[in-house]
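Reader: I'd like a close look at one part of this model: the second largest cavity. Could you walk me through what lines it, and then carry on to whatever else is worth seeing?

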Amino acid sequence: MASKTPWGKFDISGGSFHHLAHHCADVAACFLRLAEQPVWRARIECAARAPLSDQQIDRLGVLVFLHDIGKLHPCFWIKRLPESERRSLQNSRVCAADMGGHPQAGAQLLLPLGLGSPVKQVAAGLPLKDLWNWGSGDALIDLIMASLAHHGRPFSEPRRDETAAKAWGALGDYDPQPAAQEIGALLPRWFPLAFQRGGDSLPEEPAFQHLFAGLVALADWIGSDRRWFEFVGPLNQNYFKSANERACKALAGIGLDLLKQRAKKEAPATFKQLTTFETPQPQQAAMASLPIGEKLVILEAETGSGKTEAALWHFVKLYEAAKVDGLYFAVPTRAAAKQLQRRVHEAAKRLFGTEAPETVLAASGYLFAGEQEGQKLPNWEVVWHDATLKAGNGKESVTTILWDDETALIARRWAAEHSKRFLASQFAVGTIDQAMLGALPVKHAHLRASSLARNLLIIDEIHASDTWMTKIQQQLVSDHLAVGGYVLGMSATLGSKARIAWLGAKSKPTLAEACATPYPAIWGKGREEPSWSGTQQGAGKQVGMAHLEIGDDPAQLAKIIVEKARAGAKLLVIRNLVDDAVKLFEAVKAQLLTNEQHLLFSVNGIATLHHSRFAAEDRALLDERAEALFGKPKPGQPSQRPAHGMILIGTQTLEISVDLCADYMVSDLCPVDVLLQRIGRLHRHDNPRPAGFDEPQCLVLVPEGGLATCLKKMKHGLGAWTENDGTLAGIYMDVPVLELTRRLIEQHPFWDIPRMNRMLVERAMHEAAISALKEELGKEWVDFGRSLQGGELSRAMLAGLSTLKRDQYFSELTYPDIEEKVRTRLGEEGRKIAFPEGTVGPFAQPISELALPAHWCKRIGDEVPEFEQAESSIKIVLDKILFNYSVLGVQHTEPKHDIA
């Protein structure tokens, strides 16, 4: 028979265990050390709306200690027994039904549920009478439930019946009652300040309860990591001292305790140190002079004008004022995150030197920190390619790795090893959805939001999201500000309507006033006027604008594109739909002569295009090759920009993911703010231009027959379709805005960028301009506008209903079963297909995994895929649907029963 000792952690392979009191002490110590950090303490006190005494913090530490007290339950204890013994004891008691889970078991012990013996006898061993003197009963129930919910979501109501109470009786050789008495006796010794009489009550604010829940979860993740908290089985009465020492080492190693980093940074950073540029641009300098108390800032400046450096410079000033510890740079796509992560990581190294954090790539499907990639191993372990593993028992056992000073660098990547921990990084660049998950009622939302609280949240391209996404982001920002956080939003040009919604300004400018608003500009929360405004820097660029009506046949367009490439131009062609991009690619390829195929963008000598539906390894190749041919050369390396023409066809991934510079651009029509973002890739760098392309030119594609045809049917990503519930859905749905954008192209053959940015955006997106257009064009446009507005209101309402209510007391919190729908709605991938080991992709490189678009996966179950590798493609059958992966990306056909 196994030991009678209660356990908190157990190694099933080696048989070792960690005493329950020791594990609870580890987690409590991690929480207390987090609460000692100045920025964390400021967030805690902001959420509590009052300064907290050391005694109050110590009492919170006791509640954190009790997070796993439900593991005293006999039905949990028997999990570490050999299977035969466990089955025998389980037959004598229906454990699964009686317990439900150790959080519920903890609630049975700690909360006044009216349960009788023997649960009452076990609870009597804990100093619960003292706890109920630390504040109002309701507030303590909320805080206890927040601590017990450390697995990531509120738990179901614990059982209150007599059978549940009796389940706490002794089972085999194990009796929880003396175990509870032993642990209960330790609490006043380990937390003496908490048990002193008197003192202020614990906070009752709902925002504090939610922040506390996330900090408990974070402390539990840290305190459960054997790299710092090796198992100690026999109870050590003096263990809490060791737990505190281990917690200090863990927090410093991870980068949550910045004492050493701040101590080594003796002098204020210079702009050159951060960016390598001698002096800041005006908007960059203005960011540094903003009042420290300005917690919500929006920066509007032209694409390519240095907004990233402005954001980093803003961070430096906040960091040096000890207002933030780090930053999370949120961008719309994974590819954009990957490209930006390198820049931010280099800046961090220049800023902090040997104490630089490992900048995490916080995007689904990646395991990347600094300059290193990790590999997932069984049992949630990760190995890094530059790691020196030293096994404590002389064996290659990941669970017993010891980390000395030589391998301490690996500890800095702790947050990168699981997506749930991404936001605990000091420096991270990732997709906006990773942050948004902290504002939605999904598992680990509190962990994400509380981890983010200490950092500057930077949201790039805040104009780029739809109504649902924008409302969630605004709730995220509101929650972040409510606990004292700092936020920076960035946009090339933000319409006045959107700016008012973000900043909470009260007055709405007229169309004339909106057009006259200064640009570039920096805005603060609630401000009617910008905190700073500037003038155009440098010469700007005069972009020749033209539009062309196109049908479904891409031959005419392909001819134009080929002629431009033959004349030596490097063309970027951006289509709204992947299918349109693929059709155009094939048409262009067909029109090129055999000796002209080099004019098509290629990877490893294989012609292709650029969009999101490629395996991760191939997408990395596409990004790298596109930047090599169309971007700036890397420092110290020669330019690979070809002397001849080049055609790069793609989708929105070319708009926001990579740093490109084209001589000539072709783009599908899109809303004017998005079009300005695309035009930012035109003549972006100072490159020599072929004859006839000295000035930037953009050809905008409009559906044949005009935009009125898009009121009834989506064409080329413009317009909408009607869902089953009668609401409209689509990509760029606002046809009136699209028509106003088309008219601006017609009315203004040359766009002076950025001088005209403000006027262009307002004349296409201001409510007055839209209303006037619908009145001019008649009933069909008015009716469409009403349907669109109804859909927008519906999506806004749905977003409001979908958010996590942080003004709600924690004990009242429930999570609806919407996690899968939410993740799909956020734009995450659908079913992930793991290729057989050794699979080679279309670019002669091994590939491991492919994510299907979420909207393809509605009819796909859990069926195991079948594969057939052909010479130039891979055929995949999944749930009777045939997919084909080639140089065109992944495509699918009608359902088939086998692979032809």
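Author: Start with helix H13, which gives three residues to the lining of the second largest cavity, the largest share of any contributor. This is a predicted model, so take everything here as computed from it. The cavity holds about 60 Å³ of space. Its full lining is Ala149, His150, Gly152, Arg153, Pro154, Ala213, Gly214, Ala217, His444, His446, Leu447 and Phe810. Two elements give two or more residues to that lining, namely helix H13 (206-223) and helix H22 (445-452). By class, the lining has six nonpolar residues, five polar and one charged.

Now zoom out a bit. Searching the whole structure turns up four cavities of 30 Å³ or more, and the largest of them has about 80 Å³ of space. Around that largest cavity you'll find Ile550, Gly551, Asp552, Asp553, Pro554, Leu557, Arg575, Asp580, Lys583, Leu584 and His716. Helix H27 (residues 578-591) supplies three residues, the largest share of that lining. As for character, the lining of the largest cavity splits into four nonpolar, two polar and five charged residues.

From charged linings, let's move to charged pairs. Side chains of opposite charge can pair when their charged atoms come close. The whole structure has 40 salt bridges, and a few are worth picking out. Glu309 pairs with Arg343, with 2.8 Å between the closest N and O atoms. Glu309 belongs to helix H18 (residues 307-320) and Arg343 to helix H19 (residues 334-352), so this salt bridge ties together parts that are 34 residues apart in sequence. The two partners sit in different settings: Glu309 is buried, at 15% relative accessible area, whereas Arg343 is partly exposed at 35%.

Helix H19 also holds Arg342, whose partner Glu627 is in helix H28 (residues 616-630), 285 residues apart, and the pair links distant parts of the chain. The N to O distance in this salt bridge is 3.0 Å. Arg342 is partly exposed, with a relative accessible area of 39%, while Glu627 is buried at 12%.

For a pair within one helix, look at Glu739 and Arg742, whose side chains meet in a salt bridge of 2.8 Å, N to O. Both are in helix H31 (residues 735-747), and because they are three residues apart, about one helical turn separates them. The general geometry is simple: an α-helix has 3.6 residues a turn, so residues three or four places apart point the same way. Both ends of this pair are buried, Glu739 at 7% relative accessibility and Arg742 at 13%. The pair isn't on its own either, since Glu739, Arg742, Arg743, Glu746 and Glu776 are linked in a network of salt bridges.

Next, two helices to trace along the backbone. Helix H23 (residues 467-482) has 16 residues and reaches 22 Å from its first C-alpha to its last, close to the 22 Å expected. Of those 16 residues, 12 are buried, so H23 is largely enclosed by the rest of the structure. The buried set is Thr467, Trp468, Met469, Thr470, Ile472, Gln473, Gln474, Leu476, Val477, Asp479, His480 and Leu481. After H23 comes Gly484, with a positive phi near 90°.

Helix H14 (residues 239-254) has 16 residues too, and its end C-alpha atoms are 22 Å apart, which agrees with the 22 Å it should span. Buried in H14 are Tyr239, Phe240, Ala243, Asn244, Arg246, Ala247, Ala250, Leu251, Gly253 and Ile254. Just after H14, you'll meet another glycine with a positive phi, Gly255, at about 105°.

Last stop, the cysteines. A disulfide is a covalent bond between the sulfur atoms of two cysteines. The search of the whole structure finds zero of them. Take Cys515: it is in no disulfide, and the nearest cysteine sulfur, that of Cys670, is 19 Å away. The pairing cut-off is 2.5 Å between sulfur atoms. Cys46, for its part, counts as partly exposed, at 29% relative accessibility.

Note on methods:
Residues are numbered from 1 along each chain as its sequence is written. This is a predicted model: local features need pLDDT of at least 70, side-chain atom pairs count only at pLDDT 80 or more; totals for chains, interfaces and linings use all residues. Side-chain values use heavy atoms; hydrogens and water are left out. Helices (H or I, at least four residues) and strands (E, at least two) are DSSP runs, numbered from the N terminus. The expected span of a helix is 1.5 Å times one less than its number of residues. Buried means under 20% relative accessible area, exposed over 50%, partly exposed in between (1.4 Å probe, protein chains only). A salt bridge is a side-chain nitrogen of Lys or Arg within 4 Å of a carboxyl oxygen of Asp or Glu. On a 1 Å grid over the protein atoms alone, a cavity is a set of points where a 1.4 Å probe fits but cannot get out, and a pocket is an open set with protein on both sides within 12 Å along at least five of seven lines; lining residues have an atom within 4 Å of a point. Grid points are joined across faces, edges and corners, and a volume is the space filled by probe spheres set on the points. Ala, Val, Leu, Ile, Met, Phe, Trp, Tyr, Cys and Pro count as nonpolar, Asp, Glu, Lys and Arg as charged, and the others, Gly among them, as polar.
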